[in-house]
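Please open the model in your viewer and keep the sequence panel beside it, since the tour moves from one selection to the next. Each stop names what to select and then says what is found there.

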Amino acid sequence: MKGTNIGEFEELVLLTVAALINDAYSVRVIEEIEEQTQRRIKLGVVHAVLSRLEEKGLLRSKLGEATAVRGGKRKRYYSITAAGKSALVRMKEQRDQLWGRIPGFSTKPL
Amino acid sequence: MGENSRFLNKTIVINNEYQQPPRWARQLLYWYCRPEIVEDLDGDLNEFFNRNCRDKGVFRARLIYILDVVKFLRPYTIRRPKAVNPIPLLGYSTRLNVRALLKSPVDTTLTVLSLTLGLAAFLVLFFYVVTEFSYDTHFRRAEDIYNISLELKSQNDNVTTPIACADGPLASLLPESLHQVESATGIFRPNSKDKVYAGVGTYHESRIYRADSSYFSVFHHEWVTGDQRSWGEPGAIVLTETLALKYWGQTDVQNELIRVNDVEYRVAGVIKDLPDNTHLIFDALLYEPPSDWSFTYVLLRSDADYDGFVGDLNKLGEGHLGPVLHQFGFEGHYLVEPVTEQHYSPSRLLDLPKGNRDFLHILRFAALLILAITGFNFVNQGLSRVIKEQQQITVKRIFGAQRWQLVLHELTRTALLCLISFGLSIILIAAAESLFDIHFRMMSAIAGNVRMAGVGLAGIFLVLGAGSLIARLTFMSPFVTRNLRVKTSSPSVGFFRWGVLGAQFTISLGLVLASVIVTDQVDYLLRLNKAGFRDQVLIVEVPPGLAEGDVGSTVKQKFLELSFVDCVSIARDGAVPALLPSMDTYYIQPQNSAGQVMMLNHVFADEDYFRVLGIPLLEGRNFAPDDYERDRQVVIVNEALVRKMNWKNPLENEITYGVFPSELPAQVIGVVGDMPYGGMQNAMPIQFRLEKSICDHIFVRLTDVTPSNLRLLGKSWTEITKESYFNYRFLDAYYLEQLENENVLRDVLIVFALLACLIGSVGLIGLINISVAESIRANSIRLVLGADLLSMLLQGSRRYMISFIFAAVATVPLTIYYMQGWLESFVNHVEISVTHVLLAFTSMTMSLLLILAFHFIKLGSVRPLQHLRNE
């Protein structure tokens, strides 16, 4: 397994896969991120990130069903692994710690 | 894309209710993408494409699809070649191929034989051309070395005479007069042999050149012992390695003493032997100051302007040589040519034998043609084998053999056959070289160009490999895989194949016909010259030290005392009929017309010369003993000179030595018949002059030639001259030498005609194999239905019979036309007749009959039940 350090976009994709539970394949992941963040996401970028996260052992994948809209090609469904979960938890803890160190933190803009 | 293709096909079936993305873009994706991710990637792209079709229109969706396919070209998507270790497979493939080759010995022998002959012929021709094209290129700075020669133009008749030499003093004048010249040297080649005392023996050498002190500053040689600093002093001699070993058995002979023509020299050093492809073919080099005429070479500075140099040289020549030439009625200018081009320029007076660039280009083309035909035949033989192995290949494919594995198997077989044939062709060349007296040293040419031979072998392998692969891949198509049936060639491929066979027939028949005609002409020339006494005429070579004085006359008298000696004549150099005579400037004064200065050939001999050689006197009289005493000189001319001068009454003319009419004129007293001087082709104009004070050759006609008589002659010679060296040759030997070119041409034509027939026959056998294999089902059915072998043979052999007839129609007139031109270059020649054509046809038909017999055997070996079992 490669290092579990992940970048901001990788974290976002990992979180989205975790959130989509059993419906996480690349097109769906893109739609979800676009919906949540209002950002335009490229298919190639998401594919590359999914592939990298799988290589790091944070995701696992399996082929699902074929559909006509996909030209009879099967979807590749991703799900988060235990390592992926712990990576997300660690990232959240790090952020929480940093948030906690800000005195009199207010949600209003500084 | 083999593994990906099943997904690609599936898409086309299912996706019929949606828009199709660009097919080529999808194919691109399947070509580069890893098989394990290509399916979902394609699915995602399709899903996106359909969404974009709905949102943005089909055109934009297609554009985005194409862009996305290109953008997916990332390291993690690109397929990686499988890391398969081909070495074990190579060993396995080699074993299988060796087994298969041994299993069918007839086919293997034919293939190897064809390839060996073709490769041997190609290698010999190719390396001969390479050697000829690299004449004199081995010298360091060869590109800066130039040869300077002289072209004389007679002021009377404007006739130009190019001479291979230049005036002797020019070489020493050039470096100090022209700034472009770095160094210049003059070389002199003697015509006669030198008598050498070296080590413990006496030798007669014909290749001892003379050169001035600058020789080694122009031409670079590799020294074995000594160096060029020891050259350039009077009395120095440089030997080649071979000569040093011949004299002393070692090369460490610096400062050893050696006597050449009774003058003592000191060995300045030993140089490596010279290659074959050079004009400087000396065995030893004597230091000698420049003589009147020498072969002049100049080394120009690297930055010298060539045109400027030629201009300056001729300006120098006008001042330095012009006045002397004008005095003799000539104008002259220098010709400059690179030393590397010297071998191909037109032949000049006193020149060495030259090469012919056009001929070399033709030879190179012939070499490539032979290689192409050999390759074609090799592919055909491979093809007939592949047809036989088709079911085997199909079964291999069904059981999962990859295409590249089959390709590797085929390449291993080609490499194996290539290596065996290449080795055999080298052995064949070496054997031919050692068994026959071949001037061109093929093995050393190949050894000298090992890198080129390696590259050539690799090239041959690539070409043959590519051809074999094309043949094999033709039979790896899915059609074959599905049907397990013999596939036949397309009509166009078949037509091409038989067309190439027709070309082989054309070449073979042309060469056979040409060799029949040349053989007949050479035999005719030999028969024609038998009419004289040439096998009874002995020519004794007189050593240089004895040429002057009355030795010749004394020996003549002594020889005449022997009972078996019919007559004897003494003559100067250039009197041997088969050799080139000497020439000089003469003033000719015909009756009632203006005189003119001409370069004329002359032979100096005594009054018995014509009798010894059997030259008939046609008009006037022969020399008489009292002609020596007369005040007025006399001369005899031959028919060719009379024809050239257009003399109606030859005896009324005078020929004066030199350029001035005031000098003593010689009256023409007789006309004799032509003899083949200087070549068998044309009769050369000659004038004969009386001479007995200088004797270079003694012509002796014997009534009875026996070893004991020859010994007696030698004894008489030694008694008079006190010389143990009695060097003689029969005139016959000179004639045979003269016919050497024709003999070589005949031998080359016969060898290549045989080769062409053999290669063509093997090619035809390959085609018969293909044709029999392709029509095996049809033939099996015919046999089952009761057809007889003869009718099947007639039907099967129709195509090559037609090829042969077409070849004959195309070749015979063309060959007759070219050979007629060649024959007309001879004064006496045979006429091309039906016999020649019939002989050529008969020899070709013999080989065709053998092939028909082979075809018959092949048809006879067809087993119908075995082949129809799967139907």
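Over all chains of this predicted model, the count of aromatic pairs comes to 25. Begin by selecting B:Tyr215 and B:Phe216, whose rings form an edge-to-face pair with 4.9 Å from centre to centre and 90 degrees between the planes. B:Tyr215 is buried, at a relative accessible area of 0%, and B:Phe216 is buried as well, with a value of 4%.

Next select B:Trp231 and B:Tyr287, an aromatic pair that is also edge-to-face, with 5.8 Å between the centres and 85 degrees between the planes. This pair links distant parts of the chain, since B:Trp231 sits in the loop between β8 (223–225) and β9 (236–240) of chain B, while B:Tyr287 belongs to strand β12 (residues 284–287) of chain B, 56 residues apart. Both B:Trp231 and B:Tyr287 are buried. To see the wider setting, extend the selection to the cluster that ring pairs build from B:Phe139, B:Tyr209, B:Tyr215, B:Phe216, B:Phe219, B:Trp223, B:Trp231, B:Phe282, B:Tyr287 and B:Tyr297.

The next stops concern salt bridges, of which there are 36 over all chains. Select B:Glu182 and B:Arg141, whose side chains meet in a salt bridge at 3.0 Å, N to O. B:Glu182 lies in strand β4 (residues 181–188) of chain B and B:Arg141 in the loop between α6 (105–133) and β1 (145–154) of chain B, so the pair ties together parts that are 41 residues apart in sequence. B:Glu182 counts as partly exposed at 36% relative accessibility, and B:Arg141 is partly exposed at 25%.

Move on to B:Lys556 and B:Asp608, which form a salt bridge whose closest N and O atoms are 2.7 Å apart. Here B:Lys556 lies in helix α19 (residues 551–560) of chain B and B:Asp608 in the loop between β18 (596–605) and α20 (609–613) of chain B, so that parts 52 residues apart in sequence are tied together. At 8% relative accessibility, B:Lys556 counts as buried.

Now turn to chain A, which has 4 helices and 2 strands, in the order α-α-α-β-β-α from the N terminus on. Of its 110 residues, 42% count as buried. Select A:Arg28 and A:Asp23, which form a salt bridge with the closest N and O atoms 3.1 Å apart; A:Arg28 is partly exposed at a relative accessible area of 21%, and A:Asp23 is partly exposed at 30%.

Which residues touch across the two chains? The contact takes 22 residues from chain A and 26 residues from chain B, and the area buried between them is about 2,100 Å², of which carbon and sulfur atoms give 54%. Colour A:Leu43, A:Val69 and A:Lys73, which lose the most area to chain B within chain A and together make up 28% of what that side buries.

Finally, between chain A and chain B there are 6 salt bridges; one to select is A:Arg74 with B:Glu39, at 2.8 Å, N to O. The elements that give two or more residues to the side of chain A that touches chain B are α2 (26–37), α3 (43–55) and β2 (74–80) of chain A, and the largest share, 6 residues, comes from α3(A). By class, this side has 9 nonpolar, 6 polar and 7 charged residues.

Notes. Residues are numbered from 1 along each chain as its sequence is written. Chains are lettered from A and ligands numbered from 1 in the order in which they are written. This is a predicted model: local features need pLDDT of at least 70, side-chain atom pairs count only at pLDDT 80 or more; totals for chains, interfaces and linings use all residues. Side-chain values use heavy atoms; hydrogens and water are left out. Contact means heavy atoms within 4.5 Å. Buried area is the accessible area (1.4 Å probe) that two parts lose on being put together, summed over both. A salt bridge is a side-chain nitrogen of Lys or Arg within 4 Å of a carboxyl oxygen of Asp or Glu. Ala, Val, Leu, Ile, Met, Phe, Trp, Tyr, Cys and Pro count as nonpolar, Asp, Glu, Lys and Arg as charged, and the others, Gly among them, as polar. Rings of Phe, Tyr and Trp (its six-membered ring) pair if their centres lie within 6.5 Å; planes under 30 degrees apart count as stacked, over 60 as edge-to-face and the rest as tilted. Buried means under 20% relative accessible area, exposed over 50%, partly exposed in between (1.4 Å probe, protein chains only).
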